[in-house]
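Biologist: I would like to go through this model with you and hear the reasoning behind each label. Could you show it to me?

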Amino acid sequence: MADESAARIPAFSAHYRAVSPNLAIAPPVSVVIPAMNEAENLPYVFKTLPEWIHEVVLVDGNSTDDTVRVARELRPDVKVVKQVGKGKGDALISGFAACTGEIIVMVDADGSADGEEIVSYVSALVGGADFAKGSRFANGGGTDDMTPVRKLGNWALCGIVNRKFGARYTDLCYGYNAFWKHCLDKIVLDCSGFEIETLINIRIVKAGLRVQEVPSHEYNRIHGVSNLSAVRDGIRVLKVILKEKAVPRSHRRPQAVGLNARRGEVS
C-alpha cells in the first residue's frame, strides 16, 4: 500500500506546480504583455515574473526599438505576437487569442506592475473567482503613478460604473488583472484603446461572473513616457460606459472575440 502511495507522488508533482509555500495549482498560467518600444523596461518586468508561469505572450505593437530582441534574450521561449492593429485594447485581444494557458494575467510593459503579485491573482481564481481584478484603492493597494486629476477621474468613472451596473469596484482603469480563459466565451471585446479595461470590467459584471478584487501596488513607469492621456482616454472610457448602458440584456452577444481567428503573426 505504501509503495502504491509513493508511486502516485511523481504524477501528482508533475501535474501540480507550487506557486507559494501554501498553494500548488494545476491550471497553466499565461501572462500577456502588450508592448511598444519598451526595450528598456522589459528587464524589470521579466525579472519579477514567477518561474512557474506557463508562458509569456508579448504583443509587439510594431516597436522601432529592440523590444522583441530584448524579450527573446530575457526569455527564449517567449511567444511574440506581431500586432496587426493599433492600441492597447487591440494588443490585448491579440494576446488573449494566442494564449494556451487556462488562466490569463494582464501585465503592463512599463515596469509599473510587480510580477510577484501574480500569485495573489491566481489564488483568487483557484479560490472560486472568475475574474481577479487588481485594485490600487483596496486595502493593501496603492499607486505611485497617478496624479490627483487621474485619481479624481478614476473615482468618478468607477462610481458611475458601480451605480449603473451594480458593481462594487474600488478601481476601474487599471491594467493588472487576471481571469480564467473561459470568461472570454461569455464576453465580447471590441475596442482598441485604453478603455479596454473598463469594457472588460463592465461586461464581466453584466455576464454575472464572479469578481474578486486583489490589492495591488502600481509603481512609476521606469523608462519612457506613457501614451496615456488623462483627458482623451477619460472621455473614451466615459463613452464606453454610456454606450454599455444602452445595451439591453437581450441584445448581449454570447460569443467572445474570435479567439480562433488569426490576429497577428505568432513566433
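Modeller: Gladly; this is a predicted model, and we can take its salt bridges, its core and its sheet in turn.

Biologist: What makes K88 and E197 a salt bridge?

Modeller: The cut-off is 4 Å between a side-chain nitrogen of Lys or Arg and a carboxyl oxygen of Asp or Glu. The N to O distance for K88 and E197 is 2.6 Å, so the pair meets the rule. This pair links distant parts of the chain, with K88 in helix α4 and E197 in helix α7, 109 residues apart. By this rule the count comes to 17 salt bridges.

Biologist: Why is K88 called buried?

Modeller: Buried means under 20% relative accessible area. K88 has 15%, so the label fits. E197, at 4%, is buried by that rule too.

Biologist: And what about D145, is it buried, partly exposed or exposed?

Modeller: Partly exposed, because its relative accessible area of 26% lies between the 20% and 50% limits. D145 also has a salt bridge, with R150, at 2.9 Å from N to O.

Biologist: What joins R203 and E244 to other residues in a network?

Modeller: Begin with the pair itself: the closest N and O atoms of E244 and R203 are 2.6 Å apart. E244 sits in helix α8 and R203 in helix α7, 41 residues apart, and both residues are buried. Salt bridges that share partners then join D190, R203, K206 and E244 into one network.

Biologist: Thanks, that is clear. Which residues touch the most other members of the largest nonpolar core?

Modeller: They are I33, F96, V105, I118 and L189, in a core of 72 residues. Helix α7 gives the largest share of this core, 6 residues. Leaving out residues up to four places away in sequence, I118 touches V31, L49, P50, W52, I53, V105 and Y176.

Biologist: On to the sheet. Why are β5 and β10 said to stand at the edges?

Modeller: The open sheet has 7 strands in the order β5-β4-β3-β6-β9-β7-β10, with mixed pairing. β5 and β10 each have a single partner strand, so one side of each is left without a neighbour in the sheet. From one strand to the next, the twist averages 20°.

Biologist: How do you know that β3 and β6 pair?

Modeller: Pairing needs at least two bridges. Strands β3 and β6 run parallel and are joined by 4 bridges, so they qualify. In this part of the sheet, V29 stands opposite I103 in β6. Helix α7 lies across β6, β7, β9 and β10, and runs at about 135° to β7.

How values were computed:
Residues numbered from 1 in each chain as written. Predicted model: local features only at pLDDT ≥ 70, side-chain atom pairs only at ≥ 80, totals over all residues. Heavy atoms only, no water. Helix = DSSP H or I, 4+ residues; strand = E, 2+ residues; numbered from the N terminus. Buried < 20%, exposed > 50% of the residue type's maximum accessible area, 1.4 Å probe, protein only. Core = buried A, V, L, I, M, F, W, Y, C linked by side-chain atoms within 4.5 Å. Contact = heavy atoms within 4.5 Å. Axes fitted to C-alpha atoms, helices over the stretch in contact; angles between N-to-C directions.
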